[in-house]
Amino acid sequence: MLAFSLVPTSDVPIYRQIVQHIRRAVAQGKLQLGEQLPPGRTLAEELVINPNTVARAYQELIRDGVLESRSGVGVFVAARVRQVFSQAERDRRLAHAIEQVLYEALLLDFSLPEVRSALEEQWKTHQTQTQAGGRK
Amino acid sequence: MSTATTEPPVIEIDHLTKYYGRREVISDLSLQVARGTIYGFLGRNGMGKTTTIRTFLGLEDATRGSARVFGLDSRTLPPEARARIGYLPEGHHVYGWMTVKECGQFQASYYPAWNQDIFETVLTHFRLTAKMKAGHLSRGQRAGLCLALTLAPEPELLVLDDPALGLDPVARRSLLQSMLYVTRKADRTIFFSSHLLSDVERVADRIAVLDGKVLRADCTVEKFRQQIRHFVLKFRDQPPPTPNFPGLLESFRTDRELALTVVNYTPQMENRLEALQPMSIEPVDLTLEDAFISYVGERGEKTFFTNGKDAR
């Protein structure tokens with residue numbers, strides 16, 4: 001479920017790689033809302049990294065409202081993803097993500113309508129998948 | 001994570017200076033390692049890492065300054081304190097005529113707290129068996145044996161001098177796993193030197209960088225990465241002469257670009273960059289390795305294939 005490998009020679013710090021991976025897994029529905037995450041120590045052992053690094057990633061995700069910690073039980077995907085970001089920050093993050101898509105699309109010589117329809121298609125697929133994926 | 005602040009540091013080095021004859025190898029070095037920390041000790045070869053380690057272990061005398069381990073003066077560490085330290089010297093030396101099992105028995109005879117389970121677990125990790133002759137082992141296997149011998153007494157403080165030297169990727173991973181395994185108990189401390197920055201990034205809480213006899217950084221890995229920044233400035237024409245300001249580590253120029261690596265980035269530096277009036281300033285993320293190389297590499301301007309003269 002959380003199987004992923006780190007790129008230790010990457011310019012992205014390890015804790016950030018974990019944050020990005022979990023964010024993506026939640027967005028894709030690979031991690032269900034309310035699902036429990038492995039204890040930080042277990043994940044650290046699996047990835048062969050310092051447990052504090054995982055703890056730090058979890059903390060950031062809790063702060064951002066993606067995960068929540070239930071004391072004495074563990075860390076879970078937040079039952080309902082809270083919007084903890086301001087409108088400005090949401091805009092900034094979306095703009096950043098779109099920028100990546102834009103560069104790639106330009107390099108590959110796609111037109112705006114093509115990009116738009118590709119996005120819409122993926123959006124729909126994602127909707128059906130997360131609904132069929134059994135949101136209990 | 002380190003806990004109580006009242007507790008004395010496990011390792012405490014205070015204004016350590018060391019001369020070999022007339023040659024100064026360590027200059028006024030101070031550092032502290034808190035209990036429960038995995039501490040990575042970095043620096044290029046010949047910068048005094050091994051000497052530092054040997055001095056705080058009491059194997060060499062300081063010319064000036066002092067060192068303490070567990071709050072005790074390094075020069076007079078009693079045997080009880082030494083028994084709490086596991087030291088893996090550089091080079092993985094073994095008694096070649098002994099078998100793996102005999103090495104274990106020999107070492108165990110010195111340590112009342114010998115844990116045979118740990119010894120065997122580490123051996124298995126490195127695929128070693130009792131009957132193998134120590135002298136016939138490969139480098140990685142020898143490292144595994146040494147590590148097993150060092151870990152089995154369950155030391156409170158583990159000191160590893162370049163433990164990954166000459167290991168293949170699989171053995172290195174086993175080494176890291178063993179290190180993390182040891183520190184599952186919160187009161188265990190590891191101090192290790194290494195050149196493998198991706199390994200350091202995986203396991204270290206904090207790093208110290210020794211450069212030219214002097215300690216230049218002592219912080220978390222993350223902090224180190226944040227402090228060293230890299231910018232690419234694009235110009236319409238040839239870039240202006242490289243500005244010289246404190247904190248500039250490295251610069252690199254091409255036809256229309258100027259790449260600068262700086263340490264301790266401040267808003268003032270941003271103004272400096274703006275003042276060059278580039279078309280754009282693009283920050284570039286560095287890997288820990290890039291950051292380290294910029295930090296301890298040769299300082300000054302580098303030009304591409306031009307022997308220091310202006311490009312073209």
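Helices, of at least four residues, and strands, of at least two, are DSSP runs numbered from the N terminus. On that basis, chain A of this predicted model has five helices and two strands.

## Chain A

From the N terminus on, the order of elements in chain A is α-α-α-β-β-α-α. The C-alpha trace of chain A spans about 50 × 40 × 30 Å along its principal axes. Of the 136 residues in chain A, 21% are buried. Where contacts in chain A join residues at least 6 apart in sequence, 51% of them link residues at least 24 apart.

Chain A is divided into two domains, with domain 1 covering 14-77 and domain 2 covering 87-132. Between the C-alpha centres of domain 1 of chain A and domain 2 of chain A the separation is 25 Å.

The two strands of chain A are β1 (residues 67-70) and β2 (residues 74-77), which pair in the antiparallel sense over four bridges. Within this pairing, Leu67(A) of the hairpin stands opposite Val77(A) in β2(A). Three residues separate β1(A) from β2(A) in the hairpin, and Gly72(A) in the turn has a positive phi of about 80°.

## Positive phi outside glycine

Most residues other than glycine have a negative phi. Two aspartates, one in each chain, depart from this tendency, as the table sets out.

| Residue | Phi | Location | C-beta neighbours inside 10 Å |
|---|---|---|---|
| Asp109(A) | near 65° | loop between α4 (87-107) and α5 (112-132) of chain A | 7 C-beta neighbours inside 10 Å |
| Asp28(B) | near 50° | strand β2 (residues 23-33) of chain B | 14 C-beta neighbours inside 10 Å |

Asp109(A) counts as exposed because it has 7 C-beta neighbours inside 10 Å, the limit for that class being 12 or fewer. Asp28(B) counts as partly exposed with its 14 C-beta neighbours inside 10 Å.

## Helix α3 of chain B

Helix α3 of chain B comprises residues 100-108, and Val100(B), Cys103(B) and Gly104(B) in this helix are buried. These buried residues cover an arc of only 100° around the axis, and therefore lie on the same side of α3(B). An α-helix has 3.6 residues a turn, so residues three or four places apart point the same way. The cover over the buried residues of α3(B) includes α4 (116-125) and α5 (139-151) of chain B.

The face of α3(B) turned away from the buried side carries the exposed residues Gln105(B) and Phe106(B). Gln105(B) is exposed because 12 other C-beta atoms lie within 10 Å. In space, Gln105(B) and Thr121(B) are 15 Å apart, C-alpha to C-alpha, with their positions 16 residues apart in sequence.

## The nonpolar core

In soluble globular proteins, nonpolar side chains tend to be buried together. The largest nonpolar core here has 99 residues, and those with the most contacts inside it are Leu145(B), Ala148(B), Ile190(B), Ile207(B) and Ala208(B). Helix α5(B) supplies the largest share of this core, seven residues.

Ile207(B) can be taken as an example. Neighbours within four places in sequence being left aside, Ile207(B) is in contact with Gly40(B), Leu42(B), Val200(B), Ala217(B), Cys219(B), Val221(B) and Phe224(B).

## Arg54 of chain B

Arg54(B) belongs to helix α1 (residues 49-56) of chain B. Arg54(B) is partly exposed because 19 other C-beta atoms lie within 10 Å, whereas 20 or more are needed for a residue to be buried. Residues up to four places away in sequence not being counted, Arg54(B) touches Leu59(B) and Glu60(B). Met98(B) is 44 residues from Arg54(B) along the chain, and their C-alpha atoms are separated by 27 Å.

## Contact between the chains

The contact takes eleven residues from chain A and 18 residues from chain B. On the side of chain B that touches chain A, the elements giving two or more residues are α6 (169-182), α7 (197-203) and α8 (221-227) of chain B. By class, that side of chain B has eight charged, seven nonpolar and three polar residues.

Note on methods
Residues are numbered from 1 along each chain as its sequence is written. Chains are lettered from A and ligands numbered from 1 in the order in which they are written. This is a predicted model: local features need pLDDT of at least 70, side-chain atom pairs count only at pLDDT 80 or more; totals for chains, interfaces and linings use all residues. Two residues are in contact if their C-beta atoms, placed from the backbone, lie within 7 Å. Ala, Val, Leu, Ile, Met, Phe, Trp, Tyr, Cys and Pro count as nonpolar, Asp, Glu, Lys and Arg as charged, and the others, Gly among them, as polar. Two strands pair if DSSP finds at least two bridges between them. Domain bounds come from an automatic or database domain assignment. The arc is that of the directions from the helix axis to the C-beta atoms. A nonpolar core is a set of buried Ala, Val, Leu, Ile, Met, Phe, Trp, Tyr and Cys residues joined through C-beta atoms within 7 Å.
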